[in-house]
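Colleague: Please take a close look at a single part of this model. Start from one segment and follow its contacts outwards.

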Amino acid sequence: MKLVSTSLIACLFAALLAPMAAQAAGEAAPAKVAKPDLVRGEASYTAVCVACHAADGNSAIPVNPKLSQQHPEYLVKQLQEFKAGKRKNPVMQGFAAALSDEDMKNIAYWVTSKKAKAGFAKDKELVTLGERIYRGGISDRQVPACAGCHSPNGAGIPSQYPRLGGQHAEYTASQLTAFRDGVRGNSLQMTQVAAKLNDKEIRAVADYIAGLR
């Protein structure tokens, strides 16, 4: 009888310990998150992106954005939305369609490791208006200051808001216009802001942003 009792107690003890051991094992070995492969990222970027965005991400074509030093999370999100058709652009949708999520991550982290070249404002008559909107918004139309989300120097906030400083004025103006006119619909927040801006204000704030550093 004593032997049976001892065996029974041992079985019960083992049964109680089993879930705890399994839980501990699970906690000790969390799922690994693959790090971006910058070598593959450079290779993919060179094959797919160089013609429009330059070898180091500092596009020399005003209608194509600079990508260097952009937040990688933002770039991955945009590539995914081009691929899914949520952000409309036939050229970018075609390129993004050929990329896996891993490719996108590798490219994004590689190009954001490259230093952005400074830009400059061109229109002296508009830059004062642009600065006023960027730093203070337009209170009577409930337009918030751009600096609130994109920071005073245009560096943005990683994982939330993109870097703007030094971006081509032509590109920034085209995107603000696209948000305002409903052509670009992948950010409700930007659609609501741009909807309250006229053409002159868009040109002004875009030109000011180009000179931020």
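Modeller: Contact here means heavy atoms within 4.5 Å. This is a predicted model. The part I pick is helix α9, with the core it feeds.

First, the setting. The protein has 11 helices and zero strands. From the N terminus on, the order is thus α-α-α-α-α-α-α-α-α-α-α. Of its 213 residues, 38% count as buried. Take the contacts between residues at least 6 apart in sequence: 64% of them join residues at least 24 apart.

Now α9 itself. The helix covers residues 169–180, 12 residues in total. From first C-alpha to last, α9 reaches 16 Å, close to the 16 Å expected at 1.5 Å a residue. Its buried residues are A169, Y171, T172, A173, Q175, L176, A178 and F179. The cover over them includes α10 (188–194) and α11 (199–210). After the helix comes G182, with a positive phi near 80 degrees.

Zoom in on T172, which sits in α9. T172 has a relative accessible area of 9%; the cut-off for buried is under 20%, so T172 counts as buried. Leaving out residues up to four places away in sequence, T172 touches Q167, A206 and I209.

I209 leads on to another helix pair. In α11, I209 is among the residues that meet α7, together with K200, E201, R203, A204, V205 and Y208. The α7 side of that contact is L126, V127, L129, G130, E131, I133, Y134 and R135. By class, the contact holds nine nonpolar, one polar and five charged residues. As for geometry, the axes of α7 (residues 124–136) and α11 come within 7 Å and cross at roughly 85 degrees. Angles of 65 to 115 degrees count as roughly perpendicular, so α7 is roughly perpendicular to α11.

Next, the core. In soluble globular proteins, nonpolar side chains tend to be buried together. The largest nonpolar core here has 22 residues. Y134, V205 and I209 touch the most other members. Each of α7, α9 and α11 supplies at least two residues of this core. The largest share, seven residues, comes from α11.

Y134 is worth a stop. Outside residues up to four places away in sequence, Y134 touches A145, C146, A147, H150, S151, P152, G154, L164, V205, Y208, I209 and L212. V205 and I209 thus appear on the contact list of Y134.

Apart from this core lies another, of 15 residues. Among them are Y45, V76, L99 and W110. V76 is also one of the buried residues of α4, along with P72, L75, Q78, L79, E81 and F82. What covers these residues includes α5 (90–97) and α6 (101–111).

For comparison with α9, check the length of α4 (residues 72–84). At 1.5 Å a residue, its 13 residues should span 18 Å, and its end C-alpha atoms are 18 Å apart, so the two agree. Just after α4, G85 takes a positive phi of about 85 degrees.

To return to the starting point: T172 of α9 touches I209, and I209 is one of the residues with the most contacts to other members of the largest core.

Conventions: Residues numbered from 1 in each chain as written. Predicted model: local features only at pLDDT ≥ 70, side-chain atom pairs only at ≥ 80, totals over all residues. Heavy atoms only, no water. Helix = DSSP H or I, 4+ residues; strand = E, 2+ residues; numbered from the N terminus. Expected span 1.5 Å × (residues − 1). Buried < 20%, exposed > 50% of the residue type's maximum accessible area, 1.4 Å probe, protein only. Axes fitted to C-alpha atoms, helices over the stretch in contact; angles between N-to-C directions. Parallel < 35°, antiparallel > 145°, perpendicular 65-115°, else oblique. Nonpolar A, V, L, I, M, F, W, Y, C, P; charged D, E, K, R; others polar. Core = buried A, V, L, I, M, F, W, Y, C linked by side-chain atoms within 4.5 Å.
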